[in-house]
Amino acid sequence: MQIGPDGRILIPVEIRRAMMIGEDRRLTGELVDGELRLISPAMALKKLQDMIQAVDTGTGSIVDELIADRRAEAARE
């Protein structure tokens, strides 16, 4: 990739597809240790869903587990 004279970078179509860049062509950028990291809203959502799924214990929703924990605590009091 190259940076144009106006500072624009053209991202090849294969990379745009892999990054899940949508029709709105919006990205969020972050500078980390001299590296520019770009992420699309769709990819950010996917990563968040993957993180939540990794935390899920398979016993139901996290909210249901929290409610059950609170009820158990109340019953012990």
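**Exercise 1.** Classify Arg70 by accessibility and find its salt-bridge partner.

*Solution.* Arg70 has a relative accessible area of 48%, so it counts as partly exposed (buried is under 20%, exposed over 50%, partly exposed in between; 1.4 Å probe, protein chains only). This is a predicted model, in which local features need pLDDT of at least 70, side-chain atom pairs count only at pLDDT 80 or more, and totals for chains, interfaces and linings use all residues. Residues are numbered from 1 along each chain as its sequence is written, and side-chain values use heavy atoms, without hydrogens and water. The partner of Arg70 is Glu73, with the closest N and O atoms 3.5 Å apart; a salt bridge requires a side-chain nitrogen of Lys or Arg within 4 Å of a carboxyl oxygen of Asp or Glu. Both residues lie in helix H3 (residues 62–76), three residues apart, about one turn of the helix. Helices (H or I, at least four residues) and strands (E, at least two) are DSSP runs, numbered from the N terminus. Glu73 is partly exposed at 36%.

**Exercise 2.** Describe the salt bridge of Asp50 in helix H2.

*Solution.* Asp50 pairs with Lys46, the closest N and O atoms being 3.0 Å apart. The two residues are four apart in helix H2, about one turn. Asp50 is partly exposed at 38% relative accessible area, and Lys46 is partly exposed at 36%.

**Exercise 3.** Locate the salt bridge of Glu35.

*Solution.* The side chain of Glu35 meets that of Arg37 at 3.5 Å, N to O. Glu35 stands opposite Val32. Glu35 is partly exposed at 45%, and Arg37 is partly exposed at 44%.

Methods
Two strands pair if DSSP finds at least two bridges between them.
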